[in-house]
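Hi,

Here is the structure I promised to pass on. Have a look at it first, and my notes on what turned up follow underneath.

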Amino acid sequence: MDKVYTGYNQVVVETHYDDWQALHQLANDHTTEIKDYPRRVQSTIDPNCFKLIEEWVKDKMVEHDIPVKKVTVDESWMHHYKPYEYQSVHNHTGKPNLISLVMYTQSLELDLPNDNSGSLYTIIVERDLTLNINEIVPSPGKTVLMTGNVNHGTYPYNDTRNALVINFVTEWLEPEEEIK
């Protein structure tokens with residue numbers, strides 16, 4: 001069952017991609033560059049290998065009444081986080097009209113029932129300017145779709161972990177157009 005979080009012109013869909021293992025293998029097979037950063041190793045992936053998922057992303061957004069006309073894969077990378085590392089809060093507004101996908105390959109071994117270690121968090125702004133923080137615990141195939149203007153990051157975790165990220169340039173429906 002999907003979870004949808006919305007705010008003022010912001011959307012997050014927490015879902016699952018059944019064929020996640022094949023998609024991650026595709027990412028590994030199409031790595032074009034590897035860079036070592038202080039908190040992570042980042043692999044750049046040829047985005048053209050992800051054309052097959054464009055329709056799934058569009059359909060998943062439309063399923064939740066998000067007015068998407070078309071998505072086109074734009075760029076992609078894999079984060080290989082080092083132990084105890086995290087991703088600070090950021091968004092993907094460097095290019096307008098993006099939907100970002102984050103997909104996980106492993107479950108995290110958490111020590112406490114409410115432990116949020118390694119989780120992705122999203123910060124959504126409501127019309128009254130209150131902030132809603134949603135925490136999404138990684139598991140194999142867990143997939144998060146979010147508009148590029150959603151601030152997000154990850155909490156530290158005591159071991160390594162991976163996350164696939166794919167950005168899609170999005171064409172939105174005009175108000176008079178119907179979702180198909």
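There are 2 aromatic pairs in this one, and keep in mind that the model is predicted. Tyrosine 17 and tryptophan 56 meet edge-to-face, with 4.9 Å from centre to centre and 85° between the planes. Tyrosine 17 sits in the loop between S2 and H1 while tryptophan 56 belongs to helix H2, so this pair ties together parts that are 39 residues apart in sequence. Are the two rings buried or exposed? Tyrosine 17 is buried, at a relative accessible area of 10%, whereas tryptophan 56 comes out as partly exposed at 22%.

The other pair is tyrosine 121 with tyrosine 155: the ring centres are 4.9 Å apart and the planes are at 35°, so the pair counts as tilted. Here too distant parts of the chain are linked, with tyrosine 121 in strand S8 and tyrosine 155 in the loop between S11 and S12, 34 residues apart. Tyrosine 121 is buried, with 13% relative accessibility, and tyrosine 155 is partly exposed at 22%.

Two arginines also sit over tyrosine rings. The charged end of arginine 39 is over tyrosine 86, 4.5 Å from the ring centre. Arginine 40 lies over the face of tyrosine 37, at 4.7 Å from the centre of that ring.

Strand S8 brings us to a sheet. It is an open one of 4 strands, in the order S6-S11-S8-S9, with antiparallel pairing. S6 (87-90) and S9 (131-136) are the edge strands, each pairing on one side only. On average, neighbouring strands are turned by 15° against each other, direction ignored. S6 and S11 (residues 151-154) are joined by 2 bridges: glutamine 87 has threonine 154 as its bridge partner, and histidine 90 stands opposite histidine 152. S8 (residues 120-125) and S11 share 4 bridges, and isoleucine 123 faces asparagine 151 there.

Now for the inside. The largest nonpolar core has 24 residues, and Phe50, Ile53 and Leu164 touch the most other members. Elements giving two or more residues to this core include helix H1 (20-29), helix H2 (54-63) and strand S12 (161-172). The largest share, 4 residues, comes from S5. Another core, of 14 residues, lies apart from it, with Val12, Tyr81, Val102 and Ala163 among its members.

What does phenylalanine 50 touch? Leaving out residues up to four places away in sequence, its contacts include Leu23, Leu26, Ala27, Val73, Leu164 and Ile166.

Cheers

Technical notes: Residues are numbered from 1 along each chain as its sequence is written. This is a predicted model: local features need pLDDT of at least 70, side-chain atom pairs count only at pLDDT 80 or more; totals for chains, interfaces and linings use all residues. Side-chain values use heavy atoms; hydrogens and water are left out. A nonpolar core is a set of buried Ala, Val, Leu, Ile, Met, Phe, Trp, Tyr and Cys residues joined through side-chain atoms within 4.5 Å. Buried means under 20% relative accessible area, exposed over 50%, partly exposed in between (1.4 Å probe, protein chains only). Contact means heavy atoms within 4.5 Å. Two strands pair if DSSP finds at least two bridges between them. Axes are lines fitted to C-alpha atoms, for helices over the stretch in contact, and angles run from 0 to 180 degrees between N-to-C directions. Rings of Phe, Tyr and Trp (its six-membered ring) pair if their centres lie within 6.5 Å; planes under 30 degrees apart count as stacked, over 60 as edge-to-face and the rest as tilted. A charge sits over a ring if NZ of Lys or CZ of Arg is within 6 Å of the ring centre and within 35 degrees of the ring normal.
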